[in-house]
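Biologist: I am new to this structure and would like a close look at one part of it, the packing of helices and the residues around it. Please go through it slowly and explain each term as it comes up.

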Amino acid sequence: MMNKLVTADKNGSIAIITINNPPLNVMNQQVTRELKECFRALKEDSEVVTVILTGAGEKAFMAGADIKEFPQLIGKKGIKANFLKGHAFLNEIDQFPKPTIAVLNGLTFGGGCELALTCDLRIAEEHAQIGLPEIKLGLFPGGGGTQRLPRIVGDAKAKEMMFTGDPIDAREAERLGLVGSVVPKGEGIQKAIELANRISRHSLPALSKIKKAVDEGLNSTLLNGLDLEAGLFEEVFQTEDIKEGVQAFIEKRKPAFSHR
């Protein structure tokens with residue numbers, strides 16, 4: 001039996017997914033398959049509110065795709081469908097209906113950077129390097145990098161990173177808004193757990209609707225986005241949690257949300 005390269009550990013309302021494919025946690029077909037399985041299981045897990053994603057060790061979050069899988073694609077026609085399958089997998093994480101936090105604990109290159117971009121929030125350890133070096137191989141980011149990165153850092157900076165293939169450090173990533181905070185080496189998970197605890201005490205239906213409103217609204221006009229927000233706001237008023245939240249406020253106590 002093959003060793004698992006991706007594991008999920010639950011602690012109350014938080015799950016931590018760890019990619020363990022030494023030495024650099026690269027994305028291969030097995031990692032992709034197991035990541036998909038983990039996210040699908042956690043989507044259905046009613047106890048889990050927030051998911052943290054990281055790489056094992058302190059060298060890399062994920063240092064890209066497994067280049068050894070590339071030669072079989074060279075010169076082949078009709079392989080767009082293969083790439084769209086890769087997109088579908090990353091889209092699934094992007095649209096995962098719970099808050100996600102990526103802990104960048106080292107090299108975050110290529111497919112690793114593209115995977116991190118599908119998460120809602122990113123925390124970098126100070127030694128992390130983040131980049132899309134595909135141009136150095138004569139290709140370019142094909143896992144959503146050309147689309148997701150510009151939406152976060154702006155088109156000019158994204159093009160500069162992709163045109164040169166040169167990485168940026170954690171502090172520069174923070175300045176660009178690519179990561180929310182930078183912490184000392186080895187402290188990323190602790191910081192993510194603190195943040196996940198602050199998020200997970202809230203109502204999951206409301207958190208999911210925030211995520212949907214922001215993500216779908218960004219790909220729409222302001223007026224359509226406001227219409228979407230109003231529709232989701234109506235939905236949130238049908239939940240058990242809003243009854244509990246309002247009642248708790250009136251009774252001056254902490255709410256006990258059931259995530260329904």
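Modeller: What follows starts with one helix pair, moves to the residues around it, and ends with other places that can be described in the same terms.

This is a predicted model, in which local features need pLDDT of at least 70 and side-chain atom pairs count only at pLDDT 80 or more, while totals for chains, interfaces and linings use all residues. Residues are numbered from 1 along each chain as its sequence is written, and side-chain values use heavy atoms, with hydrogens and water left out.

Two packed helices are described by the angle between their axes and the distance between the axes. Helix α1 covers residues 29-44 and helix α2 residues 80-94; their axes come within 11 Å and cross at roughly 30°. The helices (H or I, at least four residues) and strands (E, at least two) are DSSP runs, numbered from the N terminus. The axes are lines fitted to C-alpha atoms, for helices over the stretch in contact, and angles run from 0 to 180 degrees between N-to-C directions. α1 and α2 are therefore roughly parallel to each other (under 35 degrees counts as roughly parallel, over 145 as roughly antiparallel, 65 to 115 as roughly perpendicular and the rest as oblique). The crossing of α1 and α2 is left-handed, a word used if the near helix is turned anticlockwise from the far one by less than a right angle, with right-handed used if clockwise.

On the α1 side, Thr 32, Leu 35, Lys 36, Phe 39 and Arg 40 meet Phe 89, Glu 92 and Ile 93 of α2, where contact means heavy atoms within 4.5 Å. Sorted by class, the residues of this contact are four nonpolar, one polar and three charged. Here Ala, Val, Leu, Ile, Met, Phe, Trp, Tyr, Cys and Pro count as nonpolar, Asp, Glu, Lys and Arg as charged, and the others, Gly among them, as polar.

Phe 39 also takes part in an aromatic pair. A search of the whole structure finds two such pairs. In one of them, Phe 39 and Phe 96 are edge-to-face, 5.2 Å centre to centre and with 80° between the planes. Rings of Phe, Tyr and Trp (its six-membered ring) pair if their centres lie within 6.5 Å, and planes under 30 degrees apart count as stacked, over 60 as edge-to-face and the rest as tilted. Phe 39 lies in helix α1 and Phe 96 in the loop between α2 and β5 (100-104), so the pair ties together parts that are 57 residues apart in sequence. Phe 39 and Phe 96 are both buried, meaning under 20% relative accessible area, with exposed over 50% and partly exposed in between (1.4 Å probe, protein chains only).

Another residue touching Phe 39 is Thr 100, whose other contacts are Val 51, Thr 118, Cys 119, Asp 120, Leu 121 and Lys 211, not counting residues up to four places away in sequence. Thr 100 belongs to strand β5 and is buried, with a relative accessible area of 1%.

The loop between β2 (14-19) and α1 holds Pro 23. A cis peptide bond joins Pro 22 to Pro 23, with omega about 5°. Asn 25 is placed in the loop between β2 and α1 too. Its phi is near 55°, a positive value in a residue other than glycine, and Asn 25 is buried at 1% relative accessible area.

Now to another helix pair. The axes of α8 (residues 204-218) and α9 (residues 222-236) come within 9 Å and cross at roughly 170°. That makes α8 roughly antiparallel to α9. Ala 206, Lys 209, Lys 212, Ala 213, Glu 216 and Gly 217 of α8 make the contact with Gly 225, Leu 228, Leu 232, Glu 235 and Val 236 of α9. This contact of α8 with α9 has five nonpolar, two polar and four charged residues.

Helix α4 (residues 145-153) packs on helix α5 (residues 155-164) at an angle of about 135°, with the axes 7 Å apart, which makes α4 oblique to α5. The crossing of α4 and α5 is right-handed. Gly 145, Thr 146, Leu 149, Pro 150 and Val 153 of α4 meet Asp 155, Lys 157, Ala 158, Met 161 and Met 162 of α5. The α4 and α5 contact divides into six nonpolar, two polar and two charged residues.
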